[in-house]
Amino acid sequence: MKYSTKDEQQYVNCTLSGPVRVFVKDKKIVRILPLEYTQEDDAKPWSITARGETFVRPNKAGIACWVQGSKQQIYSKDRLLTPLKRVDFDPNGERNPQNRGVSGYEPITWDEALTIVANETERVKDQYGPSAIAVTGSSHDSWGNIGYRMSALERFWNLVGCTWIDHDPDSWQGSYWGAIHSWGFHWRLGQPPAFDLLGDTFEHTDMIVFWSSDPNTTSGDYAWNETDHWRFHMKKLGIKFVFIDPHCNYTSVIDGDKWIKPKPGTDVAMALAIAYTWIKEGTYDKEYIASHTVGFDKWESYVMGNEDGQPKTPEWAEQKSGVEANVIVALAREWAKKRTTLAGGGRSGMGHVMRSSYGHEWSRAMVLLMGMQGLGKPGVNYYSTTGGAPADWDFFFPGYADGGISGGSAGPKDLGPRGFPKRATASQIRQRINRACLPECVIKPPYTWRGVYGYYGQSAQQQFTECTFPFPGYSEIKMIYRQGASYIGTMMETNRFARMYRDPKLEFVVNQTIYNEPEAKFADIIFPVCTNFERWDIGEWAKISGYSNKLSPTNARVVVLQQQCIQPRGQSKPDYQIYALLAERLGIGEQFTEGHPDEMSWIKRMYEVSDLPKVISWEKFQKKGYYIIPPKMDKKPAPALRWFYDQRPIDIPDKPMSSDRPTNRPDGLARLSTPTGKIEFESQTLKQFDPNDDERPPVPHYIPSWEGSESTEILKNYPLQLISPHPRFTFHSQHDGKTLWNDEIPHHRRLINGYRYWVIRINPADAAQYGIKENDLVKVWNDRGVVLCAANITERIRQGTVHSYSSGGGYDPQGEPGVNTTIDKGGTINQLTSSRFLSKNCAGMAPGSCLVQIAKWTEGEV
């Protein structure tokens, strides 16, 4: 029977990777397509003409592959459609925490579920104090400023009281713990701005060095394939692309001119050899060094070997990195000869190499290499080709990090002065937990680390604060409440988390989520949440704000009224409504809602305090569902760090969260937010904190990885280096392991004996040594865990290294959860990565430093 589009209804919504048009018939979603910007009143496309070629903004959103499978996600068999209680959990009797992750579940009513959670919340508060309740959301939530974790979740729990499980800059650990001390930008957590760098690159750049950078895969967070067109155009303009990565990543395959493959963890050795070549041959910008930087003599002394007797020659770097000395010299010479931009990570300042042991040294070295070549001059930028399109940043609409209805996060900077919300909330509990060490804090406190309030970039010095859990006067953790996707797929050495959930010290666990995914199976009570297609919300595509101030990784600023396309499936509810119901039972209903009867009332208020009423009426916005903010094309471009290069007052819209910012000196010129106002080859903040720190010295050093190519003893048992960057075919665990079409992509999962296995990439020489062939099942293991994967034999990975994306959502232990020898069938590769921090004073994750062994699976069906 031929399908008819007659009687279809159309809606607009926004996902984690872009705005979509949703088609509904007979109360069911029938298809989801990228939003097209073709209506008569849409903003006209901008264009940039450079070198005789014109780039015109596309008229369609470049959504990710997994967004195109959203319909399957909505109707997945793994959806949670009713509240659930663990069958052997009795809040008034035996709780059986040792069975979490193994027990089955029974459906209960919303009234029963809400009653249990409200009663347990009151019990724990009365018995231990509110600090005994630990609360967290997923790294990346369903899109929308009202329902996002920084909004409804924070408002509710700030009112109740809890210990917040702090997120930190997991995706750019090295920048936060390192680059901040070389060029400032603490309010951006060490990442640089990218204003107007697209046009500057089109016009002036000759070569881009993509170092630990795969923007076609990660594309600056939420933009995904939105920026692919830019790189295609750069190639058309003749810009050369060089990739440095042990894995010949997707952007390299599509766009690369040269692939250089160092051993994992040795990138700093390569960087030092490049600097050595420039110094020896005199091919660095000496005038810039004299006027824009400090401490170069200390850097030069280390690079040339005066400090330690070891010149960092290309030959020395070859011994460390495996990259031939002549290749390093050729790269250094071409870099110095051309107007070269550095793409450090898939978004500027991100990258897998900085999520490895001592990753802060690489991040600082990248800043200093660019400093040697005159950072900020035309065509010479720190820019990953994932931002910097024309945009009107005078037009205000909040991002999710502006705090939504909580009034927290970055809310006091912009939303608060506009009267949203009426009463901001703030945690009254000083105690926090770094989520990377949550299991240790729960199971065996005390536990100590440095750095407090993860994403809050008040100053560079904030990360020096020592924290010991439990904080003085506060309780240990007895209850965990979490919203969103699984840490078991995204944190490090994640068997620790399974053990934590099963520990008797943890009396009660709640998970509020859409799917029956790994972490939900460790909860005592599960609240079923609807998808963003089943509720109302409002948000701007890819707009973060706060620590990513005025980031624009998209071709257009698109504000979306996220229309409810269908009714919530089963008994699932929006996150906001769940908190409103709980708030009512806890006697804080009015405080939570501020009198707003539902989400739509909050949404309209957010519309009202933004600049949208100046350009579109509420009635028209409701009907159309989106508004494209036109850029000011008559505005003179102001490339991100040109003001610093020119030594003139700052002219970019980079408003930080504190008064410590690039400020004008008495002579009217501008400065960075480092203590000297310049790029610091010798960091003054690190020198003041601990000048003798041998793991993060004031001048960046090459420090061999604590689990890498020079780890002689570990290599005897685990000879292969595993690298596990952010995934290409799912947004962390949200779009994996839920019977979706992307599971059929052969580079994501592979069907073997009726089961879809996660993929591991193995060099042909290594595969031959272990007798492994394409599509063989492979056991991958170390002392921290055992995972089964499907083999992909490819020259795209360096010999001695294996590659498997992190963040799978299919945790499937074939035995007792949390035991390091239990085989995981679901591909949770982060069971294998180390929970050790970047370095002794830097509490950042380092999954890139991980040694494993592999073997062909010969033990039959699992």
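**Figure 1. Division of the protein chain into two domains in the predicted model.** Domain 1 comprises residues 173-388 + 677-689, and domain 2 comprises residues 712-856. The C-alpha centres of the two domains are separated by 28 Å.

**Figure 2. Close-up of the interface between domain 1 and domain 2.** On the side of domain 1, 32 residues take part, and they are in contact with 31 residues of domain 2. About 2600 Å² of area is buried between the two domains. Carbon and sulfur atoms contribute 59% of this buried area.

**Figure 3. Close-up of the largest nonpolar core.** This core contains 175 residues, of which Trp211, Trp299, Trp335 and Met372 touch the most other members. Helix H9 gives the most to the core, namely eleven residues. Because domain 1 (173-388 + 677-689) and domain 2 (712-856) both give residues to the core, the core lies between them. Another core, of 59 residues, lies apart from it; Phe396, Ile514, Ile538 and Leu561 are among its members.

**Figure 4. Close-up of the surroundings of Trp335.** Trp335 is one of the residues that touch the most other members of the largest nonpolar core. With neighbours within four places in sequence left aside, Trp335 is in contact with Met207, Val209 and Trp211, as well as with Ile274 and Trp278. The remaining contacts of Trp335 are with Thr340, Leu342, Leu369, Met370 and Gln373.

**Figure 5. Close-up of helix H9, residues 267-281.** Helix H9 has 15 residues, which at 1.5 Å a residue should span 21 Å; the end C-alpha atoms are 21 Å apart, so the expected and computed spans agree. Of these 15 residues, 13 are buried, and H9 is therefore largely enclosed by the rest of the structure. Gly282, which follows H9, has a positive phi, near 70°.

**Figure 6. Close-up of Thr385 and its contacts.** Thr385 is found in the loop that runs between helix H14 (359-372) and strand S15 (432-434). Because its relative accessible area is 0%, under the 20% cut-off, Thr385 is classed as buried. The side chain of Thr385 is joined to that of Arg231 by a polar contact of 3.1 Å. With neighbours within four places in sequence left aside, the residues in contact with Thr385 are Ile208, Phe210, Pro215, Thr227, Trp230, Arg231 and Met234. Arg231 thus appears both in this set of contacts and in the polar contact between side chains.

Definitions and conventions:
Residues numbered from 1 in each chain as written. Predicted model: local features only at pLDDT ≥ 70, side-chain atom pairs only at ≥ 80, totals over all residues. Heavy atoms only, no water. Helix = DSSP H or I, 4+ residues; strand = E, 2+ residues; numbered from the N terminus. Buried < 20%, exposed > 50% of the residue type's maximum accessible area, 1.4 Å probe, protein only. Polar contact = N/O pair within 3.5 Å; in protein donor to acceptor, adjacent residues only side chain to side chain. Contact = heavy atoms within 4.5 Å. Expected span 1.5 Å × (residues − 1). Core = buried A, V, L, I, M, F, W, Y, C linked by side-chain atoms within 4.5 Å. Domains from an automatic or database assignment. Buried area = accessible area lost by both parts, 1.4 Å probe.
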